Amino acid sequence: MGLFDTFWGDFKCQNCGEVFRFEEQTKEYDRSLNNYYIGDYVDKGNKNYFFDFVQECPKCKVNNDISVAIRRGQYVGVYPSKEARNINILELDNISKRTGGKGDKMMKQLLGDFLNITTADDHFFINVQKKREQIYFGYNNEIPEEVKEKYYIEGIYLDFASEALGIEVSDKAGE
Ligand SMILES: [Zn+2]
């Protein structure tokens, strides 16, 4: 069979900063025209690895080395390959359900609702960003109320650069 499967995801160009949607076709899996989004199980069994490939940025045409993380068989994240080499994949968590999709947004949860889930004595640094603009950086429990009420979560990731929980937000749900 000459078919293929496809990984979908969003990636920020390491050269120009443009966020683009990639579509990586691979013949490594079932070859049955499956579409894999973050949250999908791509492998049977408890396999942990990074799947590496190269994609050209549609804006500046520079090739980007991209790694998608497969944790216990589940597609859990997208990283620059350089960054992925410093990640212990066994420390990545599985995600509870499929949250992404072609043209869909990941979460749409109000920032305050998410932070309220954490307990009062569980303080950690968060780095809240909206399209690369920093909205808030500091302890999760000291974030101003107006910020909690204003923004919706687009994505959550481990921000190794600032050693904080990275939270990508937008002004409105679903935008
Ligand atoms: Zn670019």
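**Reading strands and cores in a predicted model**

Q: What stands opposite L110 in the paired strands?
A: L110 stands opposite Y152, which belongs to β10. The model is a predicted one, in which local features need pLDDT of at least 70, side-chain atom pairs count only at pLDDT 80 or more, and totals for chains, interfaces and linings use all residues. Residues are numbered from 1 along each chain as its sequence is written.

Q: Why are strand β7 and strand β10 called a pair?
A: Two strands pair if DSSP finds at least two bridges between them; strand β7 (residues 109-110) and strand β10 (residues 152-159) are joined by 2 bridges, in the antiparallel sense, so they satisfy this definition. β10 also pairs with strand β11 (residues 164-170), antiparallel and over 7 bridges, and there D159 stands opposite A164. In the hairpin of β10 and β11, 4 residues lie between the strands, and E163 takes a positive phi near 50°.

Q: What makes β7 count as a strand?
A: A strand is a DSSP run of E with at least two residues, while a helix is a run of H or I with at least four, both numbered from the N terminus; β7 covers residues 109-110, so it qualifies. By this rule the protein chain has 3 helices and 11 strands.

Q: Why are β4 and β6 said to stand at the edges of their sheet?
A: The open sheet has 3 strands in the order β4-β5-β6, with antiparallel pairing. β4 (49-56) and β6 (74-80) each have a single partner strand, so one side of each is left without a neighbour in the sheet. Strand β5 (residues 63-71) is joined to β6 by 6 bridges, and A69 stands opposite G77 in β6.

Q: What makes a set of residues such as F7, W8 and F22 a nonpolar core?
A: A nonpolar core is a set of buried Ala, Val, Leu, Ile, Met, Phe, Trp, Tyr and Cys residues joined through C-beta atoms within 7 Å. A residue is buried if 20 or more other C-beta atoms lie within 10 Å of its own, exposed if 12 or fewer, and partly exposed in between, with C-beta atoms placed from the backbone. The largest such core has 12 residues, including F7, W8, F22, I66 and V78, and the elements that give two or more residues to this core are β1 (5-12), β5 and β6. Apart from it lies another core of 9 residues, among them L111, V128, I153 and I167.
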